Structure formats: structure tokens, C-alpha cells
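Thank you all for making the time this morning. I would like to walk you through one chain, going from a single local feature outwards, and I will put the sequence and the structure up now.

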Amino acid sequence: MAALPEPIALLINALSQLPGVGPRSAERIALHLVQAETGAVRQLAEAILHARERVRFCDPCGALTEQSPCAICADRRRDGSLVCVVERPVDILSLEKSRAFGGQYHVLGGRISPLGGVEPEDLRIAELETRLAGGGIKEIVLALGTDVEGEATGYYLAKRLARPGLRITRIGYGLPAGTGLEFADELTLSHALEGRREMQP
């Protein structure tokens, strides 16, 4: 079998680093791109660079945005006394599609994973405590994955954030065990939010 030209091999290798793109998918995408119209490829490359240069993290919540605060943080119609804690910015998109949550968000940036080298200080927990210190937050809703690390992170947060007058709840178990929010449909997420329960430190 003839070897692929080096530029194609390098492109396949780069594409295979993307989440959800396996070796075969990377090869198909690479072969498509090298045979596509130059203008279309340039437009794709420019769109990627434009998004990377313009999109940043919202200072208060950690969501992906062009300007900080993001549209959700700046929306006065949202309930500022209710904050939903998620692992990643993409989780906010999943919850917003459910249209079942009208509060604010806080992105942790991951979950506690000693084996993966992620400790509490590596997450945006201190920023959440700063928001709590500002007053006005009455309930924290933990919307974390249902695997072991998600559970451990939830219990750690419930213990660390516990204070008088603050209710800490966890979304209900309408989510499949061992998965993240991006795999749940809007109805499942809506039921999970409605079935949230209080966390005991």
C-alpha cells in the first residue's frame, strides 16, 4: 500500500487529536479537505481562527463568550439567587436547551480526580466561594456527572460550601449513570433539574 503524502499524514494526525474523532474519521476528513475547493478550506480555517481568537471565558461564571460578563450573567431576568454548578462550559449549553433552569451558572473547569492529577485547587471552587461571599445566593444546584469522580466532587463541594442559609442540591438521577450532561436529551435534563435533591455535608 502506497504511503500517504506527508502533508496528509500530518493533517490526519492533527485531526485525530480532536475529541470524538477516531483515526478513520480523521482520515476521511483529511482526504475530503485536501480535495475540496481552496476557498471552502480557507473559509473553514478562518472560521476556526476567528472563533479561537474571539471566544473567551466569562469572568463570573466561566462560560464561553465573546464578552464578559456573558449574556446569561448579564440577563437581569435570570434568578441570581440560584446557581447551577457544572463541570464544563458545554454543560451550560445542554442545560439551556432544556429550558428548565432560570438561574445563573458556575463552571468548575473539571472535577476532582486524584488519579488524573486534578485537585480541588485546580478547579474554580475559590471563585465560587467569592461569589457566595458577595451575598444573594440561596441555592447551589450541583449538575455534575453521575460517575465516581462526579459523585466525589459533588460531596466535596457540599461539605466545603456548606453555610447557614445556603441550600445545596443535586440534580435528580434522570441521567444515565456514568455519563456526562452532553449525552442527555432536553426532557431528561428537565426532569433531572425538577427532581434535584438536597446535599448533606
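**From one turn outwards**

Let me begin just after helix H5, which is followed by Arg 99, a residue whose phi is positive, near 55°. Please keep in mind throughout that what you see is a predicted model. Arg 99 has this positive phi although it is not a glycine, and its place is in the loop between H5 and S4. Is Arg 99 buried or exposed? Its relative accessibility is 79%, and because the cut-off for exposed is over 50%, Arg 99 counts as exposed.

Now step back into the helix that comes before this loop. Helix H5 has its own set of buried residues, and these are Pro 89, Asp 91, Ile 92, Ser 94, Leu 95 and Ser 98.

On the other side of the loop comes strand S4, residues 103-107, which is mostly covered, since 5 of its 5 residues are buried. The chain arrives there from strand S3 by way of helix H5, residues 89-98, and this β-α-β crossover is right-handed. Which way do the two strands run relative to one another, parallel or antiparallel? Strand S3, residues 79-86, and S4 run parallel, and 5 bridges join them. If you want a place to find this pairing on the screen, look for Asp 79, which stands opposite Gly 103 in S4.

There is a second backbone feature that I would ask you to look at, and it concerns a proline. Ser 68 and Pro 69 are joined by a cis peptide bond, with omega at about 5°. Pro 69 lies in the loop that leads from strand S2, residues 64-65, to helix H4, residues 71-74.

Let me turn next to the early part of the chain, where two helices come into contact through their side chains. Leu 11 belongs to helix H1, residues 6-15, while Val 34 belongs to helix H2, residues 23-35. Leaving aside neighbours within four places in sequence, Leu 11 is in contact with Ala 30, Leu 33 and Val 34. Looking from the other side, and again leaving aside such neighbours, Val 34 is in contact with Ile 8 and Leu 11. How far apart in space are Val 34 and Ile 8, C-alpha to C-alpha? They are 7.6 Å apart, although 26 residues separate them in sequence. Leu 11 and Arg 42, by comparison, are 31 residues apart in sequence and 15 Å apart in space, again C-alpha to C-alpha. Neither of the two contacting side chains should be called buried: Leu 11 is partly exposed, with a relative accessible area of 26%, and Val 34 is partly exposed as well, at 46%.

Finally, let me place these details in the whole chain. There are 8 helices and 7 strands, and the C-alpha trace spans about 70 × 35 × 35 Å along its principal axes. Of the 201 residues in the chain, 39% are buried. Among contacts between residues at least 6 apart in sequence, 58% join residues that are at least 24 apart. The chain exposes about 12,100 Å², of which carbon and sulfur atoms supply 56%. As for charge, there are 23 positive and 26 negative charges, and their mean positions are 5 Å apart.

Definitions and conventions: Residues are numbered from 1 along each chain as its sequence is written. This is a predicted model: local features need pLDDT of at least 70, side-chain atom pairs count only at pLDDT 80 or more; totals for chains, interfaces and linings use all residues. Side-chain values use heavy atoms; hydrogens and water are left out. Buried means under 20% relative accessible area, exposed over 50%, partly exposed in between (1.4 Å probe, protein chains only). Helices (H or I, at least four residues) and strands (E, at least two) are DSSP runs, numbered from the N terminus. Two strands pair if DSSP finds at least two bridges between them. A crossover is right-handed if, with the strands pointing away from the viewer, the path from the first strand over the helix to the second runs clockwise. Contact means heavy atoms within 4.5 Å. Accessible areas come from the Shrake-Rupley method with a 1.4 Å probe; for residues, only the protein chains shown count as cover. Lys and Arg count as positive and Asp and Glu as negative; His and the chain ends are not counted. The place of a charge is taken as NZ of Lys, CZ of Arg, CG of Asp or CD of Glu.
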